[in-house]
Amino acid sequence: MKTIQELDNIKQGKGVNWPTLYKKLSRLKIDDQLIYQAITIKQYSKKVYGIDIIDHDAFEKIIQLAQPINKNSRAAASIAGNTHQINVNGALLVAVTEQSEAPYVHAFTQSYPLPYPKKQHAVIIENLECFLHYKDSYLFMSQLCEISHDIDDIEFIYAAGNSISNQNIIPYLKEFKGDIFCLLDIDIGGLQIYKNLLNNGLSVDNTHFVIPNDIVQRLKISRRKALKSELNKLNNFLKISNQIDQLIGLMHYYQTTIEQESYRA
């Protein structure tokens, strides 16, 4: 609101601290071309500047862009050209089962009732390639990750990065009666997705970070080296579970990470 008040002072012919006001307009991503189309500037002292409006339409456009963003909806925020700052009021979730002919979409908005899981268990797959080849991913998990559930009892869900932890999707994930397995990259990104799921309400008792039985060998031969900055950030994920603590210890020791696509190699 201070920015609006200062722009109003310009309309009233009052002096303003232009360098400070200009920084505020720049942070709002108001283009210089529009600014200098609208006004001319005269410096009276170190902090006081006189501003003459030379294009009133352009100046009104600046006022419109500087208005506080209405965060009630993206439609309201679009008036100020700032929809990117407001979350979409809904979400889409791509999933597939052994019985479905192709992946399908769950829609989560206030307009639709919350869908009910098609299966007892879920496998969340971060990588699109691995999701599209979910049968191969399941075979890998059953052989090397001690996943004993039958494929017919699992809904495979595409994580789409961290989108899986969207607040609109979490209630659906909570409806699964069995286990939720998170097939994620073994790196900071994968651990962050897992932590976000838990922080948003999923239980560590039935929400599992998938780690292959041969993790030591995989980290040992991995060419995906971890930067020191990455290794330092791993400590942010300690105390989630003993399993995660052990994994972090191995990542520190070998100083490597693993992309889940390597499970298909």
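This report describes the overall form of a predicted model and then turns to two of its helices, a few individual residues and two unusual backbone angles.

## Overall form

The secondary structure of this predicted chain comes to twelve helices and eight strands. The chain is more spread out than a compact globule, because its radius of gyration is 26 Å, well over the 18 Å that the globule rule gives for 265 residues. Taken along its principal axes, the C-alpha trace spans about 75 × 45 × 30 Å. Among contacts between residues at least 6 apart in sequence, 64% join residues that are at least 24 apart.

## Surface and charge

Of the 265 residues in the chain, 43% are buried. The chain exposes about 14900 Å², and carbon and sulfur atoms supply 48% of that area. The charged side chains comprise 28 positive and 28 negative ones, and the centres of these two sets lie 12 Å apart.

## Helix α2

Helix α2 covers residues 18–27, and W18, L21, K24 and L25 are buried in it. These residues sit on the same side of α2, because they cover an arc of only 120 degrees around the axis. The face turned away from that buried side carries the exposed residues K23 and R27, whereas the lysine K24 is among the buried residues of the helix.

The partners of the buried residues are drawn from several elements: they pack against the helices α1, α3 and α4 (56–66), and also against the strands β1 (39–43) and β2 (49–53). Just after α2, the backbone of K29 takes a positive phi of about 60 degrees, a point taken up again below.

## Helix α4

In helix α4, which runs over residues 56–66, the buried residues are A58, F59, I62, I63, L65 and A66. They too are placed on the same side of their helix, since the arc that they cover around the axis of α4 is only 165 degrees. On the other side of α4, H56 and D57 are exposed.

The cover over the buried residues of α4 includes the helices α1, α2 and α3 together with the strands β1 and β2. The link between α2 and α4 therefore appears from both directions, in that the buried residues of α2 pack against α4 and α2 is included in what covers the buried residues of α4.

## T3 in helix α1

T3 lies in helix α1, which covers residues 2–11. Its relative accessibility is 13%, so T3 counts as buried, the cut-off being under 20%. Once its neighbours within four places in sequence are left aside, T3 is in contact with L21, K24, L25, L28 and A66. Of these partners, L21, K24 and L25 are buried residues of α2, while A66 is a buried residue of α4.

Measured by position along the helix and beyond, T3 and G13 are ten residues apart in sequence, and their C-alpha atoms are 15 Å apart in space.

## A91 and T97, around strand β3

A91 lies in strand β3, which is made up of residues 91–96. It counts as buried because its relative accessibility is 13%. Apart from neighbours within four places in sequence, A91 is in contact with H106, A107, F108, N166, N168 and I169. The C-alpha atoms of A91 and K118 are separated by 18 Å, although these residues are 27 apart along the chain.

T97 is placed in the loop between β3 and β4 (104–108). At 4% relative accessibility, T97 counts as buried. Its contacts outside the neighbours within four places in sequence are with Y104, K118, K119, Y134, I154 and E155. K118 thus takes part in a contact with T97, while the C-alpha atoms of K118 and A91 are 18 Å apart.

## Positive phi angles

Most residues other than glycine have a negative phi. K29, which is not a glycine, has a positive phi of about 60 degrees. The place of K29 is in the loop between α2 and α3 (32–38), and K29 counts as exposed because its relative accessibility is 68%, where the cut-off is over 50%.

Q255 is also not a glycine and has a positive phi of about 55 degrees. Q255 lies in the segment after α12 (242–254), and with a relative accessible area of 42% it is partly exposed.

Key:
Residues are numbered from 1 along each chain as its sequence is written. This is a predicted model: local features need pLDDT of at least 70, side-chain atom pairs count only at pLDDT 80 or more; totals for chains, interfaces and linings use all residues. Side-chain values use heavy atoms; hydrogens and water are left out. Helices (H or I, at least four residues) and strands (E, at least two) are DSSP runs, numbered from the N terminus. Buried means under 20% relative accessible area, exposed over 50%, partly exposed in between (1.4 Å probe, protein chains only). Contact means heavy atoms within 4.5 Å. The radius of gyration is taken over C-alpha atoms; the globule rule is 2.2 Å times the number of residues to the power 0.38. Accessible areas come from the Shrake-Rupley method with a 1.4 Å probe; for residues, only the protein chains shown count as cover. Lys and Arg count as positive and Asp and Glu as negative; His and the chain ends are not counted. The place of a charge is taken as NZ of Lys, CZ of Arg, CG of Asp or CD of Glu. The arc is that of the directions from the helix axis to the C-beta atoms.
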